[in-house]
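Here is a short tour of one protein chain, written to be read with the model open beside you. Take a moment to turn it around before reading on.

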Amino acid sequence: MGWNQLHIRQPAPMLSDTPDGSAVYFVHSYHVVPKDAKIIATETDYPTPFVSAIWHENVFATQFHPEKCQKVGLAMLRRFAEQ
């Protein structure tokens, strides 16, 4: 739980203008392990890298809570609503 950094692995539309290393807020300790690494949008280190967001076609899912991430998260939600 708490704040940690995103490392962008794929330029998903919801992450446009999100700087690599942006801090986001995590509440849970679980994460996905996708069969296809091409859908990994972001990773986060804690203490080893884990998938923190995935993106494929019209699906964008995060392990962190965008609504709790201040400007970074609000910008993601705005871009999601524009899609």
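Is Asp17 buried or exposed? Asp17 is exposed, with a relative accessible area of 75% (buried means under 20% relative accessible area, exposed over 50% and partly exposed in between, using a 1.4 Å probe and protein chains only).

Before going further, a word on the model. It is predicted, with local features needing pLDDT of at least 70 and side-chain atom pairs counting only at pLDDT 80 or more, while totals for chains, interfaces and linings use all residues. Residues are numbered from 1 along each chain as its sequence is written, and side-chain values use heavy atoms, leaving out hydrogens and water.

**Overall fold**

The protein chain has one helix and six strands (DSSP runs numbered from the N terminus: helices are H or I with at least four residues, strands E with at least two). Starting at the N terminus, their order is β-β-β-β-β-β-α. The radius of gyration, taken over C-alpha atoms, is 12 Å, close to the 12 Å from the globule rule for 83 residues, so the chain is as compact as a globular protein of that length. That rule is 2.2 Å times the number of residues to the power 0.38. Of the 83 residues, 40% count as buried.

**The core**

In soluble globular proteins, nonpolar side chains tend to be buried together. Here the largest nonpolar core has 14 residues, and Val24, Ala41, Phe60 and Phe64 have the most contacts inside it. Such a core is a set of buried Ala, Val, Leu, Ile, Met, Phe, Trp, Tyr and Cys residues joined through side-chain atoms within 4.5 Å. β3 (23-26) and β5 (49-56) each supply at least two residues of this core, and β5 gives the most, with three. Leaving aside neighbours within four places in sequence, Val24 is in contact (heavy atoms within 4.5 Å) with residues including Trp3, Leu6, Phe64 and Met76.

**Backbone details in the loops**

Back to Asp17, which sits in the loop between β2 (7-8) and β3. Two residues with positive phi are set side by side below.

| Residue | Phi | Relative accessible area |
|---|---|---|
| Asp17 | about 70° | 75% |
| Glu57 | about 55° | 65% |

Asp17 is not a glycine, and neither is Glu57. Glu57 is found in the loop between β5 and β6 (59-62) and counts as exposed. One further loop is worth a look: the peptide bond from Tyr46 to Pro47 is cis, with omega near -20°, and Pro47 lies in the loop between β4 (40-45) and β5.
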